[in-house]
Amino acid sequence: MSTVHQPDLKDRPARLTVGVVGAGRVGPALAASLQLAGHRPVAVSGVSDASRRRAETMLPDVPLVPPAEVLQRADLVLLTVPDDTLPGLVAGLAETGAVRPGQLLVHTSGRYGTKVLDPALRAGALPLALHPAMTFTGTPVDVQRLAGCSFGVTAPEELRLAAEALVIEMGGEPEWISEQNRPLYHAALALGANHLVTLVAQSMELLRAAGVAAPDRMLGPLLGAALDNALRSGDAALTGPVARGDAGTVAAHVTELRKHAPQTVAGYLAMARATADRALAHGLLKPELAEDLLGVLADGGHADHADRGGDGTGGTDGTDGTNGTDGTTGTEGNDR
């Protein structure tokens, strides 16, 4: 059994032995990053065959053992399991006496702060919540992506410096999130990142149906510019038929979607309503055009509005001088 090291709160954590409980996409990548910083992975647990293969690839020569043995061997334990699994795992480890006093116990759930680790805290563990705001592939590229990645950090005040130091050692940027704000923080990330994947996948499917041979090549520059504009300019980056109030074009979209991809209609309408609300609130959508547009969205595009919106030649390139793709207004995204 290894000696338990207390973290040096005034400088950086001591060189630690590292264990991973839950060899999904996140845990092995974080352990590999900590290894590059001088820490030593000593044990990993995984349930599925895919998890075991991932651990062998990302952490070669690190033994696969049961969760309790991971805690027995490691000074710093990464609990990288699905959010809904975490409370039961922590309670079970504490009840069975697997948790040791002075052991750093780190979970990577975005939803939870450190209160979910209270059973382990009562057993003497040092609780940290370090959530990387990154999507993971389960491959070595994840270690590179951690460079400059923001981490949502929650920890007791006396462990805050140790938590931030660990994040920095992994190449990340610590961002302090209070316990009560963790669910809101996680919802924001899910809204932006997880839903983006769904939207892009649907868009590629529709482009293929329209005869586009390489939808990824078509979308790449457009979506890259849209993301950059949105991050720089917020709602001022809104473009397209909803922001312009082209009710006829939106109605035509919904008609085609009902015909070719009915499963996408509900999402299109929901996002269009949200976009219309934001465009109105920020003065991008003219009130006199909003009435027809909101009518289309209210009736789900069933009414005939084709004679009102033209052919949509305002286009996403903003050639009408109202909203260009540069975000101007015409006057200037466990086992995890």
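Phe151 touches Leu30, Leu130, His131, Pro132, Leu146, Val167, Met170, Gly172, Glu173, Pro174, Glu175 and Tyr185 when residues up to four places away in sequence are not counted. The model in which these contacts are found is a predicted one. Phe151 also belongs to the largest nonpolar core, where Phe151, together with Leu76, Leu78, Leu128 and Leu130, touches the most other members. The points below take up the cores, then helix H4 and its surroundings, then the loop between H2 and H3, and lastly the pair H11 and H12.

**Nonpolar cores**

- The largest nonpolar core has 34 residues, and the elements that each supply at least two of its residues include the strands E1 (17-21), E3 (76-79), E4 (104-107), E5 (126-132) and E6 (150-154).
- Helices contribute to this core as well, since H1 (27-36), H2 (49-58) and H7 (160-169) are also among the elements that each supply at least two residues, and H1 gives the most, with 5 residues.
- A second, separate core of 22 residues includes Val21, Val90, Val99 and Val116.
- As a general background to both cores, nonpolar side chains tend to be buried together in soluble globular proteins.
- Leu36, which lies in helix H1, is a nonpolar residue that counts as exposed because its relative accessibility is 70%, where the cut-off for exposed is over 50%.
- Leu36 and Met170 are 134 residues apart in sequence, yet their C-alpha atoms are 8.0 Å apart in space, and Met170 is also one of the residues that Phe151 touches.

**Helix H4 and its surroundings**

- Helix H4 spans residues 86-95, and within this helix Leu86, Leu89, Val90 and Leu93 are buried.
- These four residues lie on the same side of H4, because they cover an arc of only 95 degrees around the axis.
- An α-helix has 3.6 residues a turn, so residues three or four places apart point the same way.
- On the other side of H4, Gly88 and Glu95 are exposed.
- The buried residues of H4 pack against strands E1, E3 and E4, and also against helices H3 (67-73) and H5 (118-122).
- Just after H4, Gly97 takes a positive phi of about 80 degrees.
- Ala120, placed in helix H5, counts as buried because its relative accessibility is 1%.
- If neighbours within four places in sequence are left aside, Ala120 is in contact with Val90, Ala94, Val99, Leu105 and Ala125; of these, Val90 is also one of the buried residues of H4, and both Val90 and Val99 are included in the second core.
- Ala120 and Leu104 are 16 residues apart along the chain, and 9.9 Å separates their C-alpha atoms.

**The loop between H2 and H3**

- Asp61 is found in the loop between H2 and H3, and its phi is near 70 degrees, a positive value in a residue other than glycine.
- Asp61 counts as exposed because its relative accessibility is 82%.
- Val62, in the loop between H2 and H3, is by contrast buried, with a relative accessible area of 13%.
- Outside its neighbours within four places in sequence, Val62 is in contact with Pro41, Val42, Ala43 and Val44, and the C-alpha atoms of Val62 and Ala43 are separated by 5.6 Å although these residues are 19 residues apart along the chain.
- Val65 is likewise found in the loop between H2 and H3 and counts as buried, at 12% relative accessibility.
- Again leaving aside neighbours within four places in sequence, Val65 is in contact with Ala43, Val44, Ser45, Val70 and Arg73, while Val65 and Ala43, 22 residues apart in sequence, have a C-alpha to C-alpha distance of 6.5 Å.
- Ala43 and Val44 are thus contacts of Val62 and also of Val65.

**Helices H11 and H12**

- Helix H11 (residues 247-260) and helix H12 (residues 265-281) pack at an angle of about 160 degrees, and their axes are 9 Å apart.
- The two helices are therefore roughly antiparallel to each other, the cut-off for this class being over 145 degrees.
- On the H11 side the contact is made by Val250, His253, Val254, Leu257 and Arg258, and on the H12 side by Val265, Tyr268 and Leu269.
- By class, the contact of H11 with H12 has 6 nonpolar, 1 polar and 1 charged residues.

Terms used:
Residues numbered from 1 in each chain as written. Heavy atoms only, no water. Axes fitted to C-alpha atoms, helices over the stretch in contact; angles between N-to-C directions. Parallel < 35°, antiparallel > 145°, perpendicular 65-115°, else oblique. Contact = heavy atoms within 4.5 Å. Core = buried A, V, L, I, M, F, W, Y, C linked by side-chain atoms within 4.5 Å. Buried < 20%, exposed > 50% of the residue type's maximum accessible area, 1.4 Å probe, protein only. Arc of directions from axis to C-beta.
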